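Thank you all for coming; I would like to walk you through one structure this morning, going from the sheets to a few individual residues. Please keep the viewer open while I talk.

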Amino acid sequence: MSEPLDGNAIVYCEGAFDTPNGKTAHGLVRFTKRYRVLGVVDSRHAGRDAGQVLDGVPKGIPVFEDVEEAVRAARQQQMPAVYFVVGIAPDGGRLSPAAREDVKRAIGLGLNVDSGLHDFLTEDGEMVDLASRRGVSIRDVRKPPPRSELHFFDGRIEQVTSYKVAMLGTDSAVGKRTTAWILVHALEEMGLTAEMVGTGQTAWMQGARYGVLLDSLINDFVSGEIEHAVWSAWKEQNPDVIVIEGQGSLMNPAYPGGFEILAAGRPEAVVLQHAPARKEYDGFPGYPIQPLPHQIQAVEVVSGRPVVAVTVNHEGLERGEIAPACEGITRETGLPAFDVLIDGGAPLARLIEPLVRKGRA
């Protein structure tokens, strides 16, 4: 493994690691260039391997009972932790009282804190004072930059010659970012150059070079910041492909997202992530997810661009049900369907590659 951008980290996910609210921790266990993840804190799975809990594949990342145990284990391995990363992503992005106490304990143990929640710890006087006394830093990843540094849409997206793929979804917390990274890596393995444009805090924590924290921006600047991130990735790297991470879903009642990505990012193609076993929007019983063909139609009407594939989140499915679910999606929509966590990113990348080469010709 190459040296991380920042350093050794413990990921905090108490009570949420095997739930959609643990999606930030999930991303960091699966892949990150920013940290070397030494362990995950979730007392419900203490003693197990985080990769085994998450995907059934050991990652050599242990799950610990509490912060103190995780810090002690890291020191015993002569790999002391430097960062305490808040890996929970609860609805509303708020820190519970119990989690707040755990963050304070981490600061007291001398760890720098990275948080992607809407509760900005740098505006919490008690946290700031404690961090100052311990000589550690707090980074609020979701905190937007000053308005003077934000960008307004100006049309420069039309200069971008990289092939742009938007990774959207039919719901929030459905695996868009994970699939986007898998696609980027698979395209690179095929010999193409690819950049990820992240749109949430976890992509930043995973080391994406370009991105925007979409859900914490003032609305007037959302399109401009998306355009600027995509344009910057093209201007500085000129990759064959730019994969843009989606947020929420077009018709999610609490997290409507994707409109600005389609309008400002102007992708040439869209991949739609879908969880066939979900019948209602995550966290909102009584709000049924619209049928997949309807969602595909909505994306294509808004963007004027095709949905070229459906990628499957297999939550709620037995292993033997995944292939039939993909086949059913293909029969229903006429589109190829892939489970990239099971089959890897190569099948999806092979679908995208000729589109890229044609678009770059």
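Before I name any pair of residues, let me fix one term: two strands are said to pair if DSSP finds at least two bridges between them. Please also keep in mind throughout that what you have in front of you is a predicted model.

With that term in place, let us take strand β1, residues 7-12, and strand β4, residues 83-86, which run parallel and are joined by four bridges. As an example from this pair, Ala9 has Tyr83 in β4 as its bridge partner. Helix α1, which covers residues 23-30, packs on this sheet and touches β1, β2 (35-41) and β4, and its direction makes about 130° with that of β2.

If we now step back to the whole sheet, six strands form an open arrangement with parallel pairing, in the order β3-β2-β1-β4-β5-β6. Which strands stand at its edges? They are β3 (63-64) and β6 (138-140), and because each has a single partner strand, one side of each is left without a neighbour in the sheet.

Let me turn next to strand β8, residues 194-198, where five of the five residues are buried, so that the strand is largely enclosed by the rest of the structure. In a regular strand the side chains alternate between the two faces of the sheet. In β8 both faces are covered, with Ala194, Met196 and Gly198 buried on one side and Glu195 and Val197 buried on the other. As for its neighbours, β8 is joined to β10 by four bridges, the two strands running parallel, and within that pairing Met196 has Val243 as its bridge partner in β10. Two bridges join β8 to strand β9, residues 210-211, again in a parallel arrangement, and here Gly198 stands opposite Gly211.

From the strands I move to two loop residues, beginning with Thr170, which is found in the loop between β7 (163-169) and α6 (176-189). Is Thr170 buried or exposed? Its relative accessibility is 1%, and since the threshold for buried is under 20%, Thr170 counts as buried. Leaving out residues up to four places away in sequence, Thr170 touches Ser249, Leu272, Gln273, His274, Ala275, Tyr281, Ile289, Leu292 and Gln295. Thr170 and Gly248 are 78 residues apart in sequence, while their C-alpha atoms are 7.8 Å apart in space.

The second loop residue is Asn313, placed between β12 (307-312) and α11 (319-333), and it too is buried, with a relative accessible area of 15%. What does the side chain of Asn313 reach? It reaches the backbone oxygen of Val174, at 2.8 Å. Once neighbours within four places in sequence are set aside, the residues in contact with Asn313 include Ala173, Val174 and Gly175, as well as Gln273, His274 and Ala275.

On aromatic rings, the count comes to four aromatic pairs. One that I would like to show is Tyr255 with Phe284, whose ring centres are 6.3 Å apart and whose planes stand at 70°, so the pair is edge-to-face. Tyr255 belongs to the loop between β10 (241-245) and α9 (259-265), and Phe284 to the loop between β11 (269-274) and α10 (292-303), so the pair ties together parts that are 29 residues apart in sequence. Both rings belong to partly exposed residues, Tyr255 at 30% relative accessibility and Phe284 with a relative accessible area of 23%.

A word on backbone angles before I finish. Most residues other than glycine have a negative phi. Asn238, in the loop between α8 (219-237) and β10, has a phi near 45°, which is a positive value, and Asn238 is partly exposed, with a relative accessible area of 41%. Arg266, in the loop between α9 and β11, likewise has a positive phi, near 50°, and counts as partly exposed at 39% relative accessibility.

Finally, the cysteines: how many disulfides are there? The count comes to zero. Cys13 counts as buried at 0% relative accessibility, and Cys326 counts as buried at 10%.

How values were computed:
Residues are numbered from 1 along each chain as its sequence is written. This is a predicted model: local features need pLDDT of at least 70, side-chain atom pairs count only at pLDDT 80 or more; totals for chains, interfaces and linings use all residues. Side-chain values use heavy atoms; hydrogens and water are left out. Buried means under 20% relative accessible area, exposed over 50%, partly exposed in between (1.4 Å probe, protein chains only). A polar contact is a pair of N or O atoms within 3.5 Å; within protein, one must be able to donate a hydrogen and the other to accept it, and residues adjacent in sequence count only if both atoms are side-chain atoms. Contact means heavy atoms within 4.5 Å. A disulfide is a pair of cysteine sulfur atoms within 2.5 Å. Axes are lines fitted to C-alpha atoms, for helices over the stretch in contact, and angles run from 0 to 180 degrees between N-to-C directions. Rings of Phe, Tyr and Trp (its six-membered ring) pair if their centres lie within 6.5 Å; planes under 30 degrees apart count as stacked, over 60 as edge-to-face and the rest as tilted.
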